[in-house]
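Me: I should like a close look at a single part of this protein, set in the context of the whole chain. Please describe the surroundings of that part in connected prose.

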Amino acid sequence: MGKGLFAQKFYPRNFIHLYTDEGIPENKVAKLNAAYLLPTGFQRVNDSLYIHPQTKERLSLSTRQQDNKNELLLTYITAADLSVFRARLLDYEPKLEQIDANTYQATFNNPVVKYMIAGDTVIDNKRLHAIKFLLIYDKGQKFPFSSDNYTFPVTETYPLQHTTWYFTAKYERSPSNSEYNEMRIIFGKEKTAYKIEFVDDINFKLTYTDPKKKTHVYQGQYQNYKSDISFFNRQGGWSDKDKTGRALATPGEQYMGKESFYEDPKKFAEEAGTARYFRFIFLNNYQAIYHSDSGLMELSKQEAREQEDILSMPRRER
């Protein structure tokens with residue numbers, strides 16, 4: 001995990017987490033988001049400047065109000081290679097068009113959304129690259145991620161990209177309500193039998209050894225927003241395969257009858273280290289809490305024993 005706290009790469013879709021308008025004076029537009037930056041190793045200089053002491057990376061924010069518009073300019077000085085960042089700009093939602101070699105802008109005019117790759121700079125004999133993000137929007141405008149009270153609400157989402165964790169999982173009857181089962185996953189840095197790597201901002205890789213001592217690697221995708229994290233199946237990635245490598249079709253968990261984890265959580269523990277065990281874990285949505293004092297992340301989810309909405313079930317790729 002320590003490696004991930006340095007050389008953090010904020011992909012375009014993560015830039016929205018870097019600033020907030022919570023807790024600012026009425027005449028201000030936004031400030032940098034300490035809840036997101038501090039866990040990555042950045043240190044606060046002031047509301048508009050954060051510096052990473054090890055990588056020398058820095059984030060600065062400048063804002064202004066003009067007529068009926070708010071303008072926000074975020075500058076990220078990074079040690080990361082920008083080739084992946086550039087590729088992600090071309091695979092961005094909403095769609096960006098490349099204006100010139102170093103400028104990418106949304107195809108609509110309101111709001112203005114623009115990314116600019118600026119010239120390199122040298123700090124303490126270290127060459128760093130500069131990315132500028134410009135957002136110009138109408139005063140009072142709300143975005144899909146806005147709340148009732150804030151245009152840019154604080155997110156305490158831990159920036160998972162480029163971090164590696166070891167984990168344990170428990171699935172059992174909820175002590176407070178026997179009609180529910182509770183899934184709880186603990187991510188930490190101490191080695192366990194299971195390892196998960198968040199390769200970038202959307203992909204993860206799981207490595208584990210099955211009961212027969214054979215090592216497996218599964219890959220999937222995830223989405224990390226506010227305090228929620230969702231896991232998804234990559235095409236064929238979670239399926240068992242026959243000798244030819246073709247994915248095997250097996251019943252979904254809801255069709256397993258008395259063998260179903262939903263009906264008997266003890267079955268989950270008995271299946272530890274199998275493909276079914278991990279499919280059940282990583283085709284779910286969780287509430288996530290990062291405990292900064294212990295360096296542990298806790299994911300939790302309650303599951304009703306009687307599943308009526310089969311669309312919410314973990315299901316196999318066929």
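The request and the reply below concern one residue and its setting.

Me: Where does E298 lie, and is E298 buried or exposed? Which residues does E298 touch?

Reply: The model is predicted, and every value given here is computed from it. E298 has its place in strand β18, which spans residues 296-304. The residue counts as buried because its relative accessible area is 19%, and the limit for that class is under 20%. Leaving aside residues up to four places away in sequence, E298 touches R184, I185, I186, Q287, A288, I289 and H291. With one of these residues, H291, there is also a polar contact: the side chains of E298 and H291 meet at 3.1 Å.

The contacts R184, I185 and I186 lead to strand β12, which covers 180-188. The loop between β12 and β13 (194-198) holds T192. T192 counts as partly exposed, since its relative accessibility is 31%. Beyond residues up to four places away in sequence, T192 touches Y166, F167 and T168. The side chain of T192 reaches the backbone oxygen of F167 at 2.9 Å. T192 and W165 are 27 residues apart in sequence, and their C-alpha atoms are 9.2 Å apart in space.

Strand β13 also contributes to an aromatic pair. F198, in strand β13, and Y222, in strand β15 (residues 215-225), form an edge-to-face pair. Their ring centres are 4.8 Å apart, with 75 degrees between the planes. This pair links distant parts of the chain, as its members are 24 residues apart. F198 counts as buried because its relative accessibility is 1%; Y222 is likewise buried, because its relative accessible area is 4%.

The count of aromatic pairs comes to 38. Among them, Y137 and F143 form an edge-to-face pair, at 5.6 Å centre to centre and 70 degrees between the planes. Both Y137 and F143 are buried. An aromatic ring also takes part in another arrangement: R276 lies over the face of F261, at 3.9 Å from the ring centre.

For the whole protein, the secondary structure comes to 5 helices and 18 strands. Of its 318 residues, 44% count as buried, and E298 is one of the buried residues. Among contacts between residues at least 6 apart in sequence, 55% join residues at least 24 apart. The protein exposes about 16800 Å², of which carbon and sulfur atoms supply 48%.

Technical notes: Residues numbered from 1 in each chain as written. Predicted model: local features only at pLDDT ≥ 70, side-chain atom pairs only at ≥ 80, totals over all residues. Heavy atoms only, no water. Helix = DSSP H or I, 4+ residues; strand = E, 2+ residues; numbered from the N terminus. Buried < 20%, exposed > 50% of the residue type's maximum accessible area, 1.4 Å probe, protein only. Polar contact = N/O pair within 3.5 Å; in protein donor to acceptor, adjacent residues only side chain to side chain. Contact = heavy atoms within 4.5 Å. Areas by Shrake-Rupley, 256 points an atom, 1.4 Å probe, with all protein chains shown as cover. Phe/Tyr/Trp six-rings, centres within 6.5 Å; stacked < 30°, edge-to-face > 60°. Lys NZ or Arg CZ within 6 Å of the ring centre and 35° of its normal.
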